[in-house]
Amino acid sequence: MDGQYLPMSEAKVSVLDWGFLHSDATYDTVHVWDGRFFRLDLHMDRFFRGMEKLRMNLPYDRSAIEKILSTCVALSGHKAAYVEMICTRGGSPTFSRDPRQSENRFIAFAVPFGSVASREQLERGLHVAISNTVRIPPKSIDPTIKNYHWLDLVKGLFDAYDYGAETALIVDINDNIAEGPGFNVFAVKDGRLKTPAYGVLAGITRQTVFDLCGELSLCVSAGDIDRDELKGSDEVFITSTAGGIMPVSKIDETVVGDGKVGSLTRQLTDLYWEKHA
Ligand code: PDD
C-alpha cells in the first residue's frame, strides 16, 4: 500500500476513502501459475484504461506496478497466487466532495489462487441458475472498466442459492444473458461458440478463448444469447481469471447437452492450461 509492503492483517484502508464510501475505484486481478504471471500485459492494459476513463492517476507507471506485483508475490511465498491491483479515488483531508481534490491510492495484494469452481465441480460441471436480476446497464457504468459494482451479481448469487443452484447468471435489460459473479459465459452449438457482447466485462479469459478459437480455427462470435438459446446449447462454460474455463452441466432445471463436460470445453480447457507452461 502506498509504497509499503505489509502483512495482510496490517493493511488498512480509511473508511473515508471514496473506494469504500462510493465504490469509486477500479481494480484488476491476474493469476500467477508456477511463479509466473498469466497475460499480465492484458490485465495492465485494462487497469490503465480503467484509470484513464475514471480520471485517476497514480505516481507509478506500468513497469513500477509490475515490480510491485512481483514483489508482493515473492513476499507472499505463493507459487499459485491470485493477485489484485486496486486504484481508489482516495479522500480529501478537508472532506471535500470534489473528486479532483482526492489523492488516488494504490493497493496490491497476493493471496493463494482460488477458483470459482472446486475440483469436483470442474469434473461434473456447475449447476447455474439464471436470475431475473439485471446487470447494471452499459450506459450507467462503462462495463469495460473493471469495477466493484457487484450488488446485482451478489443478488443474483442469493437468487441462485435460493433456487438450489451453485452459482448465477444475470441478464441484461432485454433479458438476454449477461454474466455471472466474476465470470463471462460461452455457449457452444453445432461447433460454434458465442458469448454475450454487451453489458459484460471484457474478460481476459474471454479474450483468451477468442485467441484459442483462432488457433483451432473454431467459429466464435459475440452477440445476444437468450435464456432458451443458452439452455439449448450443446455445451456451456464460464470463464474467469479465478479458475480459467469451467464447465456448466445444468441451467435451472435443464441439463446441458448430455450432462457431461463437452469435448470442445475440454479441448479449450486443456489448451488454456498448456499456455501456462
Ligand atoms: N472477476 N465479469 C466480471 C463481473 C468479473 O468480475 C470478472 C473477473 C470477469 C472475468 O474476467 P477475467 O477473465 O478478466 O477474469 C467477468 C475477477 C476474477 C474477480 O472476481 O476478482
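Helices (H or I, at least four residues) and strands (E, at least two) are DSSP runs, numbered here from the N terminus. With that rule, R55 sits in the loop between α2 and α3 (62-76). This is a predicted model: local features need pLDDT of at least 70, side-chain atom pairs count only at pLDDT 80 or more, and totals for chains, interfaces and linings use all residues. Residue numbers start from 1 along each chain as its sequence is written.

## Two domains

The domain assignment splits the chain into domain 1 (8-112) and domain 2 (119-274). Such bounds come from an automatic or database domain assignment. The centres of domain 1 and domain 2, taken over C-alpha atoms, are 26 Å apart.

How many residues of domain 1 are in contact with domain 2? There are 16, and they meet eleven residues of domain 2. Contact here means that the C-beta atoms of two residues, placed from the backbone, lie within 7 Å. On the side of domain 1 that touches domain 2, β1 and α2 each supply at least two residues. The largest share, seven residues, comes from β1. By class, this side of domain 1 has six nonpolar, six polar and four charged residues. Ala, Val, Leu, Ile, Met, Phe, Trp, Tyr, Cys and Pro count as nonpolar; Asp, Glu, Lys and Arg count as charged; the others, Gly among them, count as polar.

## The four-stranded sheet

One open sheet has four strands in the order β2-β1-β3-β4, with antiparallel pairing. Its edge strands are β2 (36-37) and β4 (105-112), and each pairs on one side only. Two strands pair if DSSP finds at least two bridges between them. Strand β3 (residues 81-88) and β4 are joined by eight bridges in the antiparallel sense. Within that pairing, M85 has A108 of β4 as its bridge partner.

A helix crosses this sheet. Helix α2 (residues 40-53) lies across β1 (25-33), β2 and β3, and runs at about 175 degrees to β1. Axes are lines fitted to C-alpha atoms, for helices over the stretch in contact, and angles run from 0 to 180 degrees between N-to-C directions.

## Around strand β5

Is strand β5 enclosed or open? Seven of the nine residues of β5 (residues 126-134) are buried, so the rest of the structure largely encloses this strand. A residue is buried if 20 or more other C-beta atoms, placed from the backbone, lie within 10 Å of its own; it is exposed if 12 or fewer do, and partly exposed in between.

Strand β5 runs parallel to strand β11 (residues 244-251), with three bridges between them. It also pairs in the parallel sense with strand β6 (residues 167-171), over four bridges. The table gives bridge partners in these two strands.

| Residue | Bridge partner | Partner strand |
|---|---|---|
| L126 | V248 | β11 (residues 244-251) |
| I130 | L169 | β6 (residues 167-171) |

In addition, A129 stands opposite A168 in β6. Strand β6 is itself mostly covered, with five of its five residues buried. T167, L169 and V171 point one way, while A168 and I170 point the other way. In a regular strand the side chains alternate between the two faces of the sheet.

Helix α5 (residues 151-163) links into this region: β5, α5 and β6 make a right-handed β-α-β unit. Right-handed means that, with the strands pointing away from the viewer, the path from the first strand over the helix to the second runs clockwise.

## Three single residues

K231 belongs to helix α7 (residues 227-231). It counts as partly exposed because it has 17 C-beta neighbours inside 10 Å. Leaving out residues up to four places away in sequence, K231 touches I251 and T254. The C-alpha atoms of K231 and A187 are separated by 8.9 Å, although these residues are 44 residues apart along the chain.

Most residues other than glycine have a negative phi, and most peptide bonds are trans. S23 has a positive phi, near 60 degrees. This residue lies in the loop between α1 (18-22) and β1. S23 is partly exposed, with 15 other C-beta atoms within 10 Å. R55 also has a positive phi, near 55 degrees. With 10 C-beta neighbours inside 10 Å, R55 counts as exposed.
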